[in-house]
Amino acid sequence: MANFYRENPTEEIAFRLFGNGDDDIYNSSYRIDPIALPLLLSILEQLSKFHKNPLRLFLNNNHATSSALEFLYRANFFKTAGDRDYYNQYGNSIISYKEEYLGAFKGKEIRKIT
(Lines give C-alpha, C1' and ligand atoms only; values in the text may rest on other atoms or scores of the structure.)
Protein backbone atom coordinates (compact mmCIF):
# COMPACT_ATOMS: atom_id res chain seq x y z
CA MET A 1 0.00 0.00 0.00
CA ALA A 2 2.88 2.38 0.69
CA ASN A 3 4.04 2.01 -2.93
CA PHE A 4 0.55 2.89 -4.12
CA TYR A 5 0.68 6.19 -2.22
CA ARG A 6 4.16 7.02 -3.46
CA GLU A 7 3.20 6.41 -7.08
CA ASN A 8 -0.36 7.87 -6.92
CA PRO A 9 -0.46 10.55 -4.21
CA THR A 10 -3.80 12.01 -5.35
CA GLU A 11 -5.53 8.80 -6.43
CA GLU A 12 -8.81 8.06 -4.65
CA ILE A 13 -8.85 4.77 -2.76
CA ALA A 14 -11.83 2.42 -2.52
CA PHE A 15 -12.16 -0.97 -0.84
CA ARG A 16 -14.18 -4.09 -1.47
CA LEU A 17 -15.09 -5.49 1.93
CA PHE A 18 -15.07 -9.05 0.59
CA GLY A 19 -12.67 -10.27 -2.06
CA ASN A 20 -14.75 -12.62 -4.18
CA GLY A 21 -18.04 -10.78 -3.72
CA ASP A 22 -20.68 -12.08 -6.07
CA ASP A 23 -18.18 -13.95 -8.21
CA ASP A 24 -17.90 -17.08 -6.06
CA ILE A 25 -20.66 -16.92 -3.44
CA TYR A 26 -21.09 -20.63 -2.76
CA ASN A 27 -17.44 -21.56 -2.41
CA SER A 28 -16.49 -18.61 -0.21
CA SER A 29 -17.01 -17.94 3.45
CA TYR A 30 -15.84 -14.93 5.40
CA ARG A 31 -15.03 -14.39 9.03
CA ILE A 32 -13.88 -11.28 10.84
CA ASP A 33 -12.09 -11.69 14.13
CA PRO A 34 -13.59 -9.27 16.68
CA ILE A 35 -10.15 -8.22 17.90
CA ALA A 36 -9.37 -6.87 14.40
CA LEU A 37 -12.17 -4.26 14.46
CA PRO A 38 -10.24 -1.53 16.34
CA LEU A 39 -7.28 -1.96 13.98
CA LEU A 40 -9.55 -1.85 10.92
CA LEU A 41 -11.26 1.30 12.20
CA SER A 42 -7.91 2.92 12.95
CA ILE A 43 -6.54 2.19 9.46
CA LEU A 44 -9.73 3.48 7.84
CA GLU A 45 -9.61 6.63 9.96
CA GLN A 46 -5.97 7.36 9.08
CA LEU A 47 -6.61 6.84 5.36
CA SER A 48 -9.74 9.00 5.39
CA LYS A 49 -7.82 11.78 7.16
CA PHE A 50 -5.04 11.52 4.58
CA HIS A 51 -7.54 11.78 1.72
CA LYS A 52 -9.71 14.32 3.56
CA ASN A 53 -12.79 12.35 2.51
CA PRO A 54 -14.57 9.20 3.60
CA LEU A 55 -13.26 6.06 1.91
CA ARG A 56 -15.65 4.23 -0.40
CA LEU A 57 -16.45 0.76 0.88
CA PHE A 58 -18.14 -1.60 -1.57
CA LEU A 59 -20.35 -4.21 0.10
CA ASN A 60 -21.88 -7.46 -1.11
CA ASN A 61 -24.74 -9.09 0.77
CA ASN A 62 -25.12 -12.65 -0.40
CA HIS A 63 -24.84 -16.25 0.81
CA ALA A 64 -21.09 -15.98 1.44
CA THR A 65 -20.99 -12.54 3.06
CA SER A 66 -24.21 -12.21 5.07
CA SER A 67 -22.82 -13.63 8.33
CA ALA A 68 -19.79 -11.33 8.31
CA LEU A 69 -21.94 -8.32 7.40
CA GLU A 70 -24.37 -9.18 10.17
CA PHE A 71 -21.48 -9.39 12.65
CA LEU A 72 -20.22 -5.95 11.60
CA TYR A 73 -23.73 -4.54 11.76
CA ARG A 74 -24.40 -5.94 15.25
CA ALA A 75 -20.97 -4.73 16.42
CA ASN A 76 -21.99 -1.18 15.33
CA PHE A 77 -19.10 -1.05 12.86
CA PHE A 78 -21.14 0.85 10.27
CA LYS A 79 -22.56 3.26 12.82
CA THR A 80 -19.12 3.90 14.30
CA ALA A 81 -17.37 4.36 10.96
CA GLY A 82 -19.98 5.88 8.74
CA ASP A 83 -23.25 6.94 10.33
CA ARG A 84 -23.96 10.41 9.01
CA ASP A 85 -26.20 11.44 11.93
CA TYR A 86 -23.53 10.47 14.47
CA TYR A 87 -20.75 12.23 12.59
CA ASN A 88 -22.75 15.39 12.02
CA GLN A 89 -22.50 15.82 15.80
CA TYR A 90 -19.03 14.43 16.51
CA GLY A 91 -16.89 14.64 13.38
CA ASN A 92 -16.52 13.32 9.86
CA SER A 93 -17.55 9.92 8.59
CA ILE A 94 -14.54 7.73 7.73
CA ILE A 95 -16.33 5.46 5.23
CA SER A 96 -19.14 5.78 2.73
CA TYR A 97 -21.22 2.79 1.70
CA LYS A 98 -24.66 1.92 0.38
CA GLU A 99 -26.93 1.22 3.32
CA GLU A 100 -29.18 -0.89 1.08
CA TYR A 101 -26.74 -3.79 1.52
CA LEU A 102 -27.41 -3.91 5.26
CA GLY A 103 -30.35 -6.11 6.15
CA ALA A 104 -31.87 -9.49 5.33
CA PHE A 105 -29.42 -11.08 7.74
CA LYS A 106 -29.95 -14.42 9.38
CA GLY A 107 -32.38 -13.79 12.20
CA LYS A 108 -33.25 -10.32 10.93
CA GLU A 109 -36.08 -9.13 8.73
CA ILE A 110 -35.58 -7.41 5.42
CA ARG A 111 -35.69 -3.67 5.91
CA LYS A 112 -38.85 -2.09 4.58
CA ILE A 113 -38.63 0.71 2.06
CA THR A 114 -39.83 3.94 3.62
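A residue counts as buried when its relative accessible area is under 20%, as exposed when that area is over 50%, and as partly exposed in between. In this predicted model, E70 has a relative accessible area of 10% and is therefore buried. The same scale is applied below to charged residues, to loop positions and to an aromatic cluster.

**Salt bridges**

A search of the whole structure yields 2 salt bridges. One of them joins the side chains of K49 and E45, with an N to O distance of 3.5 Å. Both residues belong to helix α2, which spans residues 37–51, and they stand 4 residues apart, about one turn of the helix. K49 is exposed, with a relative accessible area of 52%, whereas E45 is partly exposed at 32%.

R74 and E70 also form a salt bridge, and their closest N and O atoms are 3.0 Å apart. These two residues lie in helix α3 (residues 66–74), and because they are 4 residues apart, about one helical turn separates them. The partners contrast in accessibility: R74 is exposed, with a relative accessible area of 54%, while E70 is buried, with a value of 10%. This bridge therefore joins an exposed residue to a buried one.

**Helix α3 and its surroundings**

Which residues of α3 are buried? They are S66, A68, L69, E70 and L72. The cover over the buried residues of this helix includes α2 and α4. S66, which is found in α3, is buried with a relative accessible area of 7%. When residues up to four places away in sequence are not counted, S66 touches N61, F105 and K106. After α3 comes N76, a residue whose phi is positive, near 60 degrees.

**Positive phi outside glycine**

Most residues other than glycine have a negative phi. Two residues are considered here against that background. K52 is not a glycine, yet has a positive phi of about 60 degrees. K52 is located in the loop between α2 and β2, the latter comprising residues 55–58. With a relative accessible area of 70%, K52 is exposed. N76, likewise not a glycine, has a positive phi of about 60 degrees. The loop that holds N76 runs between α3 and α4, where α4 covers residues 77–82. N76 is partly exposed, with a relative accessible area of 42%.

**Nonpolar core and aromatic pairs**

The largest nonpolar core has 17 residues, of which L57, L59, F77, F78, I95, Y97 and L102 touch the most other members. Two or more residues of this core are given by each of α2, β2, α3 and α4.

How many aromatic pairs does the model contain? The count comes to 2 aromatic pairs, and their geometry is set out in the table. A pair of aromatic rings is described by the distance of the centres and the angle of the planes.

| Ring pair | Centre to centre | Angle between planes | Class |
|---|---|---|---|
| F77 and F78 | 5.2 Å | 85 degrees | edge-to-face |
| F78 and Y97 | 5.1 Å | 55 degrees | tilted |

The planes of F77 and F78 meet at 85 degrees, so the pair is edge-to-face. The pair of F78 and Y97 is tilted, with 55 degrees between the planes; this class follows because an angle over 60 degrees would be needed for edge-to-face and one under 30 degrees for stacked. The pair of F78 and Y97 links distant parts of the chain, since F78 lies in helix α4 and Y97 in the segment after β3 (95–96), 19 residues apart.

Are the ring-bearing residues buried or exposed? F77 is buried at 2% relative accessibility, and F78 is buried with a relative accessible area of 2%. Y97 also counts as buried, at 11%. Through their ring pairs, F77, F78 and Y97 are linked into a cluster. F77, F78 and Y97 are also among the residues that touch the most other members of the largest nonpolar core.

Terms used. Residues numbered from 1 in each chain as written. Predicted model: local features only at pLDDT ≥ 70, side-chain atom pairs only at ≥ 80, totals over all residues. Heavy atoms only, no water. Salt bridge = Lys/Arg side-chain N within 4 Å of Asp/Glu carboxyl O. Buried < 20%, exposed > 50% of the residue type's maximum accessible area, 1.4 Å probe, protein only. Contact = heavy atoms within 4.5 Å. Core = buried A, V, L, I, M, F, W, Y, C linked by side-chain atoms within 4.5 Å. Phe/Tyr/Trp six-rings, centres within 6.5 Å; stacked < 30°, edge-to-face > 60°.
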